[in-house]
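User: I should like to learn how burial and packing are read from a model. Please take me through some features in turn.

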Amino acid sequence: MKISKLRLSALVLSVALAAGLGRAEAATCGKDPAQFGAWLQDFKAEAVSSGISRSVVDQALAGVTYDPRVIKLDRNQKHFAQPFEVYAKRVVSPGRVAKGKQLMQRYASTLAAIEKTYGVPGPILIAIWGMETDFGAGSGNMSTFRSLATLAFDCRRTDFFQDQLMAALKIVQRGDLSPAQMKGAWAGELGQTQFLPTSYIRFAVDFDRNGHADLRNSPIDVLASTANYLKGYGWQRGGSWEEGSHNFAVLREWNKAGVYAKSAALFADKLVGKR
């Protein structure tokens, strides 16, 4: 999920709190990068007091430094401001649609099982997979912990990103990914459909039954977890995904940008030959 859809609503924050991701008192944010090291030590202590093991905290946050690139990217988000025709032409390309049709066939039985379980049809899952990371080819290689620590230290959205950083530690603690595997997009999104850590904790599922929910390396877990996310936000089994429908509104919960939801609907339509 791209940074524009961080879902800063009270609903998401309340979910984070309900999941035990909120804290009574957040570490103080800062504007001077020279203060980052002291802030990080405070956060480490806070994480341990919140139930994260000392070994996980030490492994995950060892050597983490402030990343000015992340702050620059956070202040310069313009791609979702493009007109629909421009945006859709880029993300719903003929080559990507062709690859999506191949993947619909390759994962046909998996997609059928996912739809039976969660009620979300394969075309919309394949569309999101393609739009987010070109079917896993562009999941990102930036350090999740460095990115999230930088954004958590920054005062613009410190509470939100401190929750994300704490959730990232929980992903490691429950054994889904190792600290070395925690790499993704610049704002801390993980996996082939770009889950923020709080969403990973809430919605990631081990659909391939190998013992952990792996959204970086298991397409089966990726597709099922994406379906579980959409179901969690109210996806109606058997319903339309077209603009104006209930399920289109659910797509807007995945990404608030209207051009994204319209493009996902267009992509899914092309996969089934409707457009």
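User: Against which helices do the buried residues of helix 8 pack?

Analyst: Packing is read from contacts, taken as heavy atoms within 4.5 Å. In this predicted model, the buried residues of helix 8 pack against helix 5 (84-91), helix 6 (94-106), helix 7 (108-118), helix 12 (219-232), helix 13 (246-254) and helix 14 (258-271).

User: How many of the residues of helix 8 are buried?

Analyst: A residue counts as buried when its relative accessible area is under 20%. In helix 8, 12 of the 12 residues meet this criterion, so the helix is largely enclosed by the rest of the structure. Among them are Trp-129, Met-131 and the charged-type entry Glu-132.

User: What span should helix 8 have, and what is the distance between its end C-alpha atoms?

Analyst: The expected span is 1.5 Å times one less than the number of residues. For helix 8 (residues 122-133) this gives 16 Å, and the end C-alpha atoms lie 17 Å apart, which agrees. Just after helix 8, Asp-134 adopts a positive phi of about 55°.

User: Which residues have the most contacts inside the largest nonpolar core?

Analyst: In soluble globular proteins, nonpolar side chains tend to be buried together. Here the largest nonpolar core has 89 residues, and those with the most contacts inside it are Trp-39, Leu-61, Ile-124, Phe-145, Leu-169 and Leu-230. Ile-124 also belongs to the buried residues of helix 8. Leaving aside neighbours within four places in sequence, Ile-124 is in contact with Leu-230, Trp-235, Trp-241, Leu-251, Ala-264 and Ala-268.

User: Which residues of helix 3 are buried, and where do they lie around the axis?

Analyst: In helix 3 (residues 54-61), the buried residues are Val-56, Val-57, Ala-60 and Leu-61. They cover an arc of only 100° around the axis, which puts them on the same side of helix 3. Their packing partners are helix 2 (36-49), helix 9 (144-153) and helix 10 (158-173). Gly-63, with a positive phi near 75°, follows helix 3.

User: Is Thr-198 buried or exposed, and with which side chain does it make a polar contact?

Analyst: Thr-198 has a place in helix 11 (residues 197-203). Its relative accessibility is 10%, so Thr-198 counts as buried. The Thr-198 side chain makes a polar contact with the side chain of Gln-164, at 2.9 Å.

User: What share of the whole protein chain counts as buried?

Analyst: Of its 275 residues, 54% count as buried. The chain holds 14 helices and 2 strands.

Key
Residues numbered from 1 in each chain as written. Predicted model: local features only at pLDDT ≥ 70, side-chain atom pairs only at ≥ 80, totals over all residues. Heavy atoms only, no water. Buried < 20%, exposed > 50% of the residue type's maximum accessible area, 1.4 Å probe, protein only. Helix = DSSP H or I, 4+ residues; strand = E, 2+ residues; numbered from the N terminus. Arc of directions from axis to C-beta. Polar contact = N/O pair within 3.5 Å; in protein donor to acceptor, adjacent residues only side chain to side chain. Core = buried A, V, L, I, M, F, W, Y, C linked by side-chain atoms within 4.5 Å.
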